[in-house]
Number of protein chains: 2
Amino acid sequence: MDLEKVQPRILPGFMELLPQEQLVFNRILDIIRYNYELFGFTPMDTPVMELSKVLLAKAGGETEKQIYRFQKGDNDLSLRFDLTVPLARYVAMHYNDLVFPFKRYQIAKVYRGERPQRGRFREFYQCDIDVIDQDNLSIDVDGEMPAVISCIFRDLGITKFTIRISNRKLLIGYLQFLGISEKSQDVLRIIDKIDKIGQKVVIDELGNLGLSEDKISSIIDLISVKVKNFDLINYLRDLRIDNQMFIDGIRELESVLNTLKRNFFIDDDRYCTDLTIVRGLDYYTGTIYETILDDYPEIGSICSGGRYDNLTGFYTNKKFQGVGISIGVTRLFDQLLSRNLINIKDKTTLDALVLYLNDDDKEDSLKFLNFLRSHNVRSDIYISNTKLKNKLNYANKINVPFVVILGENERKHHSVMLRNMKTGEQGEVNYEECTRMLGNIEKDKLINI
Amino acid sequence: MDLEKVQPRILPGFMELLPQEQLVFNRILDIIRYNYELFGFTPMDTPVMELSKVLLAKAGGETEKQIYRFQKGDNDLSLRFDLTVPLARYVAMHYNDLVFPFKRYQIAKVYRGERPQRGRFREFYQCDIDVIDQDNLSIDVDGEMPAVISCIFRDLGITKFTIRISNRKLLIGYLQFLGISEKSQDVLRIIDKIDKIGQKVVIDELGNLGLSEDKISSIIDLISVKVKNFDLINYLRDLRIDNQMFIDGIRELESVLNTLKRNFFIDDDRYCTDLTIVRGLDYYTGTIYETILDDYPEIGSICSGGRYDNLTGFYTNKKFQGVGISIGVTRLFDQLLSRNLINIKDKTTLDALVLYLNDDDKEDSLKFLNFLRSHNVRSDIYISNTKLKNKLNYANKINVPFVVILGENERKHHSVMLRNMKTGEQGEVNYEECTRMLGNIEKDKLINI
């Protein structure tokens with residue numbers, strides 16, 4: 001008698017990919033990682049679960065509700081909900097063993113028990129970089145973040161994106177200047193929603209805070225200014241606002257623009273100042289970034305971050321400041337996939353599949369497979385005594401670009417038949433020539449934007 | 001007034017590495033992944049948590065006690081404790097979208113709430129490969145597992161290891177032949193402990209099962225036979241045991257040895273038949289593997305696996321058979337590290353660090369940094385107006401192999417001063433030459449065994 005079967009399924013809100021999708025997803029992670037390392041970031045890996053007391057030192061409200069938290073033995077444990085808190089804990093715990101400035105990247109899954117809905121995940125990858133220093137972290141680093149992000153999107157094949165850049169000191173300094181700094185948090189929270197709720201509702205909500213009409217229109221005038229980048233810098237200077245924080249904000253924003261243009265030669269179209277961006281998290285204190293896809297603004301920011309003054313305040317009196325940015329790659333992938341913007345078809349890890357005609361040819365075929373692999377050609381063999389037609393059918397199913405066929409003739413000649421599965425072209429070549437040709441397969445473009 | 005600080009710490013039993021250690025650990029994962037793909041395995045990624053009903057369909061006893069299991073909303077959830085159950089669930093769930101034979105690898109963390117002790121981890125990486133097929137999976141695949149493992153250990157720099165190979169059909173068939181097949185499970189469980197408890201205690205425990213002395217000595221004679229590999233095959237044949245399972249076991253073991261020797265040219269010293277290995281998990285039905293480091297047998301098996309007949313029995317009536325192997329890389333790394341067998345020193349992601357003499361040189365230095373990165377040289381700049389001596393001191397601390405110094409002279413010449421930080425040698429070279437030289441840095445050997 002059979003045991004009752006358990007239906008195999010996963011929880012909603014968890015992304016699980018089929019092999020071809022997974023290949024593309026992993027190549028995206030590879031490109032991100034490659035560029036992070038190219039820019040001098042060192043890898044970091046922290047436990048998925050931490051003591052709740054440590055992980056939730058700073059959390060509260062909405063965040064806390066989403067935590068996967070549980071008891072095991074005597075321990076109150078939680079799964080990490082971002083990579084920033086573990087970074088803070090790591091720096092506070094290991095700072096004696098770290099060299100500053102400390103540049104680390106972490107590409108890992110985080111967990112939020114949200115209500116599952118399209119585009120929201122309970123488990124998702126974040127790809128974070130941060131530069132941390134103990135005393136004074138150069139503003140040049142703020143210009144490096146958009147530079148590495150630009151390289152990544154270029155390598156992914158995403159050409160039409162805009163990194164929106166602002167500086168929190170501008171808005172906060174301006175609110176100080178207007179004499180309403182005690183309402184800063186509320187004003188910023190409202191402005192943060194402008195993309196979703198529109199300017200009219202923002203004006204209404206600012207009114208609900210009890211702000212006067214002229215203060216509201218001052219704020220709206222500032223954030224909806226049409227000039228961009230260096231023209232914005234000039235515009236802001238010309239306002240002659242007598243507030244040190246505002247003036248610092250101008251100087252820092254100008255420095256970031258200079259770094260991008262003069263040092264990293266980032267195309268002017270790929271970044272843009274935008275005073276409407278705020279970033280919800282209140283720990284940002286300077287430069288802030290968001291990134292949108294020009295043709296798909298409804299996806300929202302796919303890469304965000306900023307500068308903060310005090311990373312480790314909950315763990316130590318030592319002050320660490322930093323600047324960081326994060327790519328929400330699970331959501332980005334899901335959104336691009338659902339719009340058919342990712343080339344999933346024809347993806348394979350394999351460069352070549354070895355097929356043999358008859359069982360007598362199997363041993364030499366296995367040897368040639370070994371030869372290919374020892375020359376770094378990702379390859380496999382289809383072991384079966386079925387007809388060649390069925391073997392080619394399997395090759396088609398797994399999308400392998402080339403097959404290598406060995407039969408009695410080829411064995412006599414110490415050669416193989418190399419067949420291009422896309423074009424159907426084939427020809428007899430010797431072992432070395434075959435290996436050389438398979439080592440030079442052109443890599444596909446990944447994403448079409 | 002300051003808030004009270006939370007002490008930053010992690011749970012015992014979780015491995016968290018410092019940057020240089022992490023670099024080496026990640027290179028180990030890269031080497032494993034590279035070889036898995038070279039051998040035609042496709043990547044897979046599954047959720048860390050699954051529905052307990054699904055994940056624990058098969059578990060029981062010791063395993064179940066170790067599970068991190070908790071409630072979130074209406075869901076009874078568990079963290080995965082291995083990668084085999086998620087593979088079974090994945091295959092049963094997605095088989096319509098998979099092409100068979102399905103070769104997948106998964107490199108991911110798994111969770112077991114064990115009592116923490118040296119060498120035991122509650123969170124650890126497993127690096128699994130499996131080949132799954134629906135009808136008949138060729139025995140040649142059983143020979144491919146030790147081949148890929150050998151390539152990985154060779155690339156890691158581990159030369160003295162032995163893959164122990166056996167086949168469960170031999171022992172089970174032999175116990176059938178002795179007429180004691182109803183005690184198979186118990187006998188196998190006792191033999192499995194022979195490395196730990198020794199032959200004498202094994203004999204005692206077999207006696208406790210009520211086996212007669214001559215049956216016990218038959219078993220001991222078989223498992224302690226001194227001849228190896230093809231000599232063992234001849235020895236087993238000469239026993240002329242009249243049991244079909246035993247005979248099948250001989251044939252399969254011989255086939256694996258043939259594949260290793262004749263198709264993959266694996267060095268005879270790297271694998272060895274061993275009838276004492278059993279593998280605790282009762283789902284193995286054919287070939288089984290364990291791997292030990294020759295000079296450190298006390299570490300135990302660092303890579304194990306085998307052939308199984310029914311992967312997905314708890315989820316579907318469809319039968320999937322497979323063969324797989326897994327590297328327990330967290331434990332391996334920890335054990336090697338504690339024996340000073342891993343070259344941690346001088347590890348860095350960076351190929352070069354750019355230093356400028358005076359602030360006037362900064363802009364050109366940033367431009368040259370951008371040039372290096374655009375030529376795929378992993379590089380960074382130390383931004384500070386401190387003295388060159390302090391900058392070189394920083395370069396030493398982060399172990400960067402080369403620094404590139406720009407001052408007024410170099411800028412006039414459109415050149416840089418390239419300095420080898422190990423030898424102290426330095427010379428003025430032009431941009432292109434510098435980039436060419438930095439692109440050719442030799443990679444270090446990773447592990448000394």
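How many bridges join strand 9 of chain B to strand 10 of chain B? I looked this up in a predicted model. I count 3 bridges between strand 9 (residues 284-293) and strand 10 (residues 303-308) of chain B, and the two strands run antiparallel. For one residue pair I checked Tyr284(B), whose bridge partner in strand 10 of chain B is Tyr308(B).

Next I traced the sheet that holds these strands. It is an open sheet of 8 strands in chain B, in the order 1-5-6-11-10-9-7-8, and I noted the pairing as mixed. Strand 1 (42-43) and strand 8 (271-273) of chain B stand at the edges; each has a single partner strand, so one side of each has no neighbour in the sheet.

Then I looked for a helix against this sheet. Helix 12 (residues 329-338) of chain B lies across strand 6 (123-133), strand 9 and strand 11 (321-327) of chain B. Its direction makes an angle of about 135 degrees with strand 6 of chain B.

I turned to another sheet in chain B. Here 3 strands form an open sheet in the order 2-4-3, with antiparallel pairing. I put down strand 2 (49-51) and strand 3 (69-72) of chain B as the edge strands, since each is listed as pairing on one side only. From one strand to the next, the twist averages 40 degrees.

Last, I went through the pairing of strand 2 with strand 4 (residues 75-79) of chain B, which is antiparallel over 3 bridges. The residue I noted was Glu50(B); its bridge partner in strand 4 of chain B is Ser78(B).

Note on methods: Residues are numbered from 1 along each chain as its sequence is written. Chains are lettered from A and ligands numbered from 1 in the order in which they are written. This is a predicted model: local features need pLDDT of at least 70, side-chain atom pairs count only at pLDDT 80 or more; totals for chains, interfaces and linings use all residues. Side-chain values use heavy atoms; hydrogens and water are left out. Two strands pair if DSSP finds at least two bridges between them. Helices (H or I, at least four residues) and strands (E, at least two) are DSSP runs, numbered from the N terminus. Axes are lines fitted to C-alpha atoms, for helices over the stretch in contact, and angles run from 0 to 180 degrees between N-to-C directions. Contact means heavy atoms within 4.5 Å.
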